[in-house]
Every structure is written in structure tokens, then in C-alpha cells.
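Q: Could you take a close look at one part of this structure with me? I am in my first year, so please go step by step.

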Amino acid sequence: MTDGIIKPKLKRTKRFLESRAPKLSENAKTTMIMKGGNANQAVSQALKDIYSLKKPNAVLYKKKNIIRPFEDSTSLEFFSKKSDCSLFLFGSHNKKRPNNLIFGRLFDFHVLDMIELGMEKFVSLSEIKTTTCPEGTKPMLVFAGEAFEMDNEHKRLKSLLTDFFRGPSVLAVRLAGLEHVLHFTALDGKIFMRSYRCLLKKSGCRTPRIELEEMGPSFDFVLRRTHLASDDLYKLAHKQPKSLKPKKKKNISHDVFGTKFGRVHMQKQDLSKLQTRKMKGLKRKGGVVVAGEQEAQTSKVAKMES
């Protein structure tokens, strides 16, 4: 024990602590999915379907937990620290708020923000008879609707859903791997979530023809309660280490189309000493070109030849 810090005695314990330690490049965010003590069959099935979309970066708690996130979030913070999860999805059902889903995220194992959505319509994966995407497929996210750009709560919901479904960060994705699309539409106070499978068909040219086939799950949400972090805390949660920020290169700029422009600084040049192309028809006297003498010499040579 040194300065109040207990050092691990076993290599296994040391490896575990190193995996939980802060890193410059964090691991893929893990999601914990749990249901409340009074969750019905529809909520339980919805949690299972979302878990199938999130695998393998998700943990599903099968037992019921008596938790009220908006009243007391200490239990959520305890489970997040235990399972090392920074995202959570909690499902519940009661007479006042039926078919309830709470999406949320944590910062430093404390609740950052959470948004409560009510399911008005739900179609599970099993009800749509079609082929599903392989496990671990990184989805493409599409957001439609002015509310996602105008309303503050919908802006934060868009950020939360992007964080929730984006999956791990990758350097490159092959064309055949772009086969899952999640589409969110904000219209008339509701949020419609649809899941599609992207099919690449023959088009007679190099670029394939794309078709979308609905594969589920499908949700019609209505926005209920929200718990949003303050602007200062939200800004702190998005802060990046200086070593990860790209260094700004001097004299290089980009336009709106992504074209790269460079500025080169040169010293002032003396154009009088500039070396130009030499021509035999020009003579210099004291640095001045005399064109009349050249014409006289040319006419003299022509008379001698005649």
C-alpha cells in the first residue's frame, strides 16, 4: 500500500484494473439493458430485440430490478460501474406510463442524460419474416425531420440515439458490410424508428442498385420525460485530450467541397537578374538590346548572297 493506493498482488487483478483504467482511445461503449419490476411482455420483447441489434457490445439483465431512474439513479450507476457500461436502456410498464423505454448514458459512472420514450406501436423481429443482418453489423443512421435540428430536446435525443446505436469506431468499412440501416423520423410530435436491410442488386454497371427491405424491430415512440445535463457538464463530457486533437498545419486551408489549398511564402525576387531564354538574333550593349543593328546586319547578308 503506497499513499493510500492498494497495489494488486495477482497478475489477473492487475490486468483487470488496467482494462478499467482511463485510455486515450477508449474501448467500444457497452450498453446494459434491464427491465423494471412491472415490465410486461411487450417491453420485455422490445428489450430483447434491441439487445439483438446491439450484440456483442451489450449486457442483458434477465431478472427484474425495482428501479426508478428519474427518482433515484444510484442503482443504475452501481450496475454501470459493475459491468463497465456507459449506456443503458431501461424498460418498465405502469398505468400512468405504459410501455416505457428510457434511453440514457453515463459520464464517469454518473448519469449524464436520459430520455423517456413511450411505445405506441411495436413490431418485433419475429413478426417480420425476413433475413436479419449478422451479429455485430455496424448500422447506418438516418435522421429525418426538422425537430432534430430545431428543438433542443430532439437535438439531444439525436445525439443520444447516435451514441447508442453507432457501434465501435472503425477505420474502413467494405461495401458489402453496409447492410443495416436505422431510420429515425420526427413527425407530429412522434419519433418513428424503422430498421432496414440493405440489398445490393445487379444494375448492369459497376455501381450496384440498392433496395431496402424492412427487417424489424419497428417502433412508434412518443416523447415523455427528459433529464438533460447542463451545458457545462455536457461540454466537459465531450472534452478530448490534447494528444488526440489533430495538429493544425500552417498555411493549409480547405473549401466547402473539401479541396485542399496551400499558401507558399517566398522572398522578393530581383527580376532584372532573371535568366531568360537566349536568342541569337538579339545583341546587348551595356545590358540594352539593340534591335536596329540586327535588322541592318540581316539586310547586308541578304545583298551579299544575291
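A: Happy to help; what follows is a walk along one strand and its two partners, with a short stop at a helix afterwards. Keep in mind that this is a predicted model.

Let's begin with strand β5, which covers residues 110–123. Most of this strand is covered: of its 14 residues, 11 are buried, meaning that each has under 20% relative accessible area. As background, side chains in a regular strand alternate between the two faces of the sheet.

Now look at who pairs with β5. One partner is strand β4, residues 100–107, which runs antiparallel to β5 over 8 bridges. You can find one of these pairings by locating Asn 100, whose bridge partner in β5 is Gly 118. Between β4 and β5 the hairpin has 2 residues, and in this hairpin Asp 108 takes a positive phi near 55°.

Another partner is strand β10, residues 218–227, and here too the pairing with β5 is antiparallel, over 8 bridges. To spot this pairing, find Met 119 and look across to Phe 221 in β10, its bridge partner.

Finally, let's visit helix α5, made of the 14 residues 152–165. At 1.5 Å a residue α5 should span 20 Å, and its end C-alpha atoms are indeed 20 Å apart, so the two values agree. At the start of α5, a side-chain oxygen of Asp 151 comes to within 3.3 Å of the backbone nitrogen of Glu 153. The buried residues of α5 include His 154, Leu 157, Leu 161 and Phe 164. Just after the helix, Gly 167 has a positive phi of about 80°.

Conventions:
Residues numbered from 1 in each chain as written. Predicted model: local features only at pLDDT ≥ 70, side-chain atom pairs only at ≥ 80, totals over all residues. Heavy atoms only, no water. Helix = DSSP H or I, 4+ residues; strand = E, 2+ residues; numbered from the N terminus. Expected span 1.5 Å × (residues − 1). Buried < 20%, exposed > 50% of the residue type's maximum accessible area, 1.4 Å probe, protein only. Polar contact = N/O pair within 3.5 Å; in protein donor to acceptor, adjacent residues only side chain to side chain. Pairing = 2+ DSSP bridges.
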